[in-house]
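Me: I have a model open and would like to learn how its descriptive words are justified. Could we take them one at a time?

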Amino acid sequence: METISSIAKRLNVTNGRIYQIIKEIPADKQPKKDAKGKYNFTKESVEAIENYYNSLSSPKTDNESDLVKQLRADLEDAKAEIKAKNNQIDKFQQLLDQQQQLNLSTNRQNEKLLDTSTNNTPSQDDSPSQNDDTDVLKPTESNSKWEETKTLKKGLFGWLRR
């Protein structure tokens, strides 16, 4: 003998949903009530309830499967896009490393050129015709790396006097 609760458990729905399905199925397949108001389920009425429930839930499953397929496709697209972005980041990182190496190489070459130019005695063609007073110190033997040898004046506005 079947009960509303056993059918609800088997279909994984609530008891109230079984009552709704009973009202929806044709009258000739509905279970009959006894004198106490309880349903007497026959094999035919249980099959009618299960068939009705399965007919309602199958379109939902199709929609859900379509949704799942769409979500999986979107996920694959997102993974491909992330992979492409990671490749771009790797390329940019390589370019940045190359740029830093080039800058370092250029700085070293500039230092070598400055060192060699300060060690050579300038000819008269290399020296300017006039001696202008700029803030740039001229290289000397004690100042071969263009280091500033001025003594800074102390005080609040000492940085202005440089």
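Me: Why are helix 1 and helix 2 called roughly perpendicular to each other?

Reply: First, this is a predicted model, in which local features need pLDDT of at least 70 and side-chain atom pairs count only at pLDDT 80 or more, while totals for chains, interfaces and linings use all residues. Residues are numbered from 1 along each chain as its sequence is written, and side-chain values use heavy atoms, with hydrogens and water left out. The axes of helix 1 (residues 4–11) and helix 2 (residues 15–24) cross at roughly 100° and come within 9 Å, where the axes are lines fitted to C-alpha atoms over the stretch in contact and angles run from 0 to 180 degrees between N-to-C directions. Angles under 35 degrees count as roughly parallel, over 145 as roughly antiparallel, 65 to 115 as roughly perpendicular and the rest as oblique, and helix 1 and helix 2 are therefore roughly perpendicular.

Me: Which residues of helix 1 and helix 2 make the contact?

Reply: Contact means heavy atoms within 4.5 Å; helix 1 contributes Ile4, Ser5, Ile7, Ala8 and Leu11, and helix 2 contributes Asn15, Ile18, Tyr19 and Ile22. By class, there are seven nonpolar, two polar and no charged residues in this contact, given that Ala, Val, Leu, Ile, Met, Phe, Trp, Tyr, Cys and Pro count as nonpolar, Asp, Glu, Lys and Arg as charged, and the others, Gly among them, as polar.

Me: Why does Leu11 count as buried or exposed?

Reply: Buried means under 20% relative accessible area, exposed over 50%, and partly exposed in between, with a 1.4 Å probe and protein chains only. Leu11, in helix 1, has 12% relative accessibility and therefore counts as buried. Leaving aside neighbours within four places in sequence, Leu11 is in contact with Ile18, Ile49, Glu50 and Tyr53. Leu11 and Ile49 are 38 residues apart in sequence, and their C-alpha atoms are 9.7 Å apart in space.

Me: What makes Glu50 buried or exposed?

Reply: Glu50, found in helix 3 (residues 43–119), has a relative accessible area of 18% and so is buried. Apart from neighbours within four places in sequence, Glu50 is in contact with Arg10 and Leu11.

Me: And why is Asn12 called buried or exposed?

Reply: Asn12 lies in the loop between helix 1 and helix 2, and its relative accessible area is 69%, so Asn12 is exposed. The phi of Asn12 is near 60°, a positive value in a residue other than glycine.

Me: Where does pLDDT stay under 50?

Reply: The predictor's confidence in each residue is given by pLDDT, from 0 to 100, and pLDDT stays under 50 over residues 132–136, for which the model has three contacts beyond four places in sequence. Where pLDDT is low, the predicted coordinates should not be read in detail. The protein averages a pLDDT of 79, and 69% of the residues score at least 70.

Conventions: Helices (H or I, at least four residues) and strands (E, at least two) are DSSP runs, numbered from the N terminus.
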